[in-house]
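Student: I'd like to go through this one label by label. Could you show me the structure, and then let me quiz you on what each label rests on?

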Amino acid sequence: MKPRITISLSETGELLIFLNEEGKSDLMRELQRLDLHYEHFHLGVEDLGGLDLSDVPYDPKDQIVRYAKVLFRPDEWDREYYPHVMEKN
């Protein structure tokens, strides 16, 4: 089967991520690759050199997320560059 990843926002603003088996494997592989040298990857309904997203909503009322980026941010980076995100941690 072809990998399928669908990201959408519900009417109430809830982020929904739908995955088939291959989509889950691909997403997990990319998450596991994240490190200090490979610190982000893209997801998109068009070829961005990352993971492909489906643009077919599960619920017709959902708003499809067409592009996304996953960023790995170690605490030491955030302490230096974005200290405000560390205030409650």
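Tutor: Sure, let's start with L34: leaving out residues up to four places away in sequence, L34 touches E39, H40, F41, V70 and F72. Keep in mind that this is a predicted model, where local features need pLDDT of at least 70, side-chain atom pairs count only at pLDDT 80 or more, and totals for chains, interfaces and linings use all residues. Residues are numbered from 1 along each chain as its sequence is written, and side-chain values use heavy atoms, with hydrogens and water left out.

Student: What makes something a contact here?

Tutor: Heavy atoms within 4.5 Å. E30 has such contacts too, with Y38, F41 and L51, again not counting residues up to four places away in sequence.

Student: Why is E30 called buried?

Tutor: Buried means under 20% relative accessible area, exposed over 50%, and partly exposed in between, with a 1.4 Å probe and protein chains only. E30 comes out at 7%, so E30 counts as buried.

Student: And what makes the E30 and Y38 pair a polar contact?

Tutor: A polar contact is a pair of N or O atoms within 3.5 Å; within protein, one must be able to donate a hydrogen and the other to accept it, and residues adjacent in sequence count only if both atoms are side-chain atoms. The side chains of E30 and Y38 meet at 2.3 Å, so the pair qualifies.

Student: How do you know that E30 and R33 form a salt bridge?

Tutor: The rule asks for a side-chain nitrogen of Lys or Arg within 4 Å of a carboxyl oxygen of Asp or Glu. For E30 and R33 the N to O distance is 3.2 Å, so the label fits. E30 also meets R29 in a salt bridge at 3.4 Å, and D26 bridges to R29 with the closest N and O atoms 3.0 Å apart. Together D26, R29, E30 and R33 are linked in a network of salt bridges.

Student: Why are E30 and R33 said to be about one helical turn apart?

Tutor: Because they are 3 residues apart in helix α1. The helix covers residues 21-33; helices (H or I, at least four residues) and strands (E, at least two) are DSSP runs, numbered from the N terminus.

Student: Is R33 buried, exposed or partly exposed?

Tutor: Partly exposed, with a relative accessible area of 41%. D26, in contrast, is buried at 19%.

Student: How do you know that β3 and β4 pair?

Tutor: Two strands pair if DSSP finds at least two bridges between them. β3 (residues 40-44) and β4 have 2 bridges in the parallel sense, so they pass. One position to look at is G44, which stands opposite D52 in β4. On β6 the link is antiparallel, with 5 bridges to β3, and H40 has L71 as its bridge partner there.

Student: Why are β4 and β6 called edge strands?

Tutor: The open sheet has the order β4-β3-β6. β4 (51-52) and β6 (67-71) each have a single partner strand, so one side of each is left without a neighbour in the sheet.

Student: Last one: what makes up the largest nonpolar core?

Tutor: There are 10 residues in all, including L34, F41 and L51. A nonpolar core is a set of buried Ala, Val, Leu, Ile, Met, Phe, Trp, Tyr and Cys residues joined through side-chain atoms within 4.5 Å. The elements giving two or more residues to this core are β1 (5-9) and β3.
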